[in-house]
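Okay, everyone, thanks for coming. I'd like to walk you through a couple of spots in my structure, so let me put it up on the screen.

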Amino acid sequence: MKQKSTTSMQDFLAKAQSRGIKVQISSDAADELFTAAQTAKRPLRRDKPRAVKLFTHNDTDGVSCGILARMAFGDTAHIDYSNYDDINNKVARFLDFHLSKYDLVFITDISVNEEVADIIEKMSPYAREKVMLLDHHQTAEGLNQYDWAQVTVEQNGVRESGTTLFYQHLITEGWLADSPELARYVEMVRQYDTWDWKENNNLHAKQLNDLFYILGRDRFVSRFTADCSPDFTDSEKMLLEIEQEKIEKYIKGKSKDVQIRDVNGYTAGVVFAEQYISELGNALAEANPDVDFVAIINMSRVISYRTVKDEINVGDIAAFFGGGGHAKAAGSPVSKEMKQAAASLLFEQIQAK
Ligand SMILES: [Mn+2]
């Protein structure tokens with residue numbers, strides 16, 4: 001139903017573009033988000049589910065889905081923060097052993113593979129009705145063939161995030177009370193996650209993500225569950241200032257360590273790093289215009305792919321290596337075998353000397 005307006009917006013933009021008219025889409029969509037939620041919402045429910053399970057991604061966007069679940073369901077929400085390397089096992093195990101204890105199961109900002117999708121699809125209609133997957137990653141769009149999955153990359157010309165989709169869903173279903181403050185928070189998360197903050201020069205959105213890393217997941221969740229206002233306190237501002245200095249130092253150091261490699265026929269800038277991945281990726285991609293994309297290897301977890309080039313789709317490249325994501329930002333797991341091979345290689349080389 002909502003897809004219709006997306007198409008017409010796209011038609012409108014295409015027409016404008018063909019006539020050489022530049023259309024600036026207003027990306028600060030907090031007001032629209034709030035108004036849309038108010039129009040769509042049903043009255044707040046009085047009934048509470050016995051128990052709610054949430055599987056969500058472990059970045060700021062995914063963790064903000066956790067905050068929304070806490071606000072909506074309180075302690076009855078059992079939240080599992082996952083990454084691409086463990087989500088499928090976790091969901092499969094859960095469906096096997098624990099589903100009967102839960103009334104609602106959400107999977108947000110991350111998706112399951114075909115195997116797990118098939119398990120869900122073959123469950124009884126009663127069990128299947130408990131499950132709702134909400135994601136905005138382009139590589140998961142194939143899941144839209146299922147009634148229990150809703151993958152929306154973009155709506156009305158605005159890129160979605162896990163948090164915006166879950167916010168809209170919870171309010172529409174009457175599980176969550178909306179407020180302009182909460183809509184502002186959700187919009188900040190969206191702008192960071194979609195990197196729209198860069199275009200809008202919305203430093204506040206970027207700092208919200210910094211704060212997530214400074215506070216750590218649990219403190220961040222408590223902070224915004226208690227008070228969802230995205231306005232920072234004085235001590236948060238101080239922490240952010242110190243953090244910004246560290247980020248700049250880190251990026252400067254890593255810039256000197258970029259290796260140029262051929263990856264699948266593309267020219268990639270490869271670097272080993274474990275921190276500030278998005279900012280580092282963007283900074284390196286901008287500083288190395290000769291590379292098609294930047295690959296940041298966090299040997300203990302994941303390879304992150306970033307590009308600033310329109311014609312490059314790193315989502316496809318990540319998918320080739322068993323991961324997924326967006327056109328401009330994606331990731332693929334570092335497997336146990338890869339870690340073992342790397343360790344062997346390092347020590348073989350040392351012994352050979
Ligand atoms: Mn996301």
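So, which residue in β13 is the bridge partner of R306? That's A329. Keep in mind that this is a predicted model. That pair belongs to strands β11 and β13: β11 covers residues 302-306, and five bridges join it to β13. The two strands run antiparallel.

β13 has another neighbour, too. Strand β12, just residues 324-325, is joined to β13 by two bridges, and that pairing is antiparallel as well. If you want to find it on the screen, look for G324, which stands opposite G331 in β13. How many residues make up the hairpin connection from β12 to β13? Three.

Now, why do we say that β13 is largely enclosed by the rest of the structure? Because four of its five residues, in the stretch 329-333, are buried.

Okay, over to a helix. α7 runs from 162 to 172, and it's mostly covered: of its 11 residues, nine are buried. Here's the roll call of the buried ones: G162, T163, T164, L165, F166, Y167, Q168, L170 and I171.

And what do those buried residues pack against? On the helix side there's α2 (30-40), α3 (60-73) and α8 (180-193). On the strand side you've got β1 (52-57), β3 (104-108) and β4 (131-135).

One last thing to click on: after α7 comes G174, and its phi is positive, near 80 degrees.

That's my tour, happy to take questions!

Conventions:
Residues are numbered from 1 along each chain as its sequence is written. This is a predicted model: local features need pLDDT of at least 70, side-chain atom pairs count only at pLDDT 80 or more; totals for chains, interfaces and linings use all residues. A residue is buried if 20 or more other C-beta atoms lie within 10 Å of its own, exposed if 12 or fewer, and partly exposed in between; C-beta atoms are placed from the backbone. Two residues are in contact if their C-beta atoms, placed from the backbone, lie within 7 Å. Two strands pair if DSSP finds at least two bridges between them.
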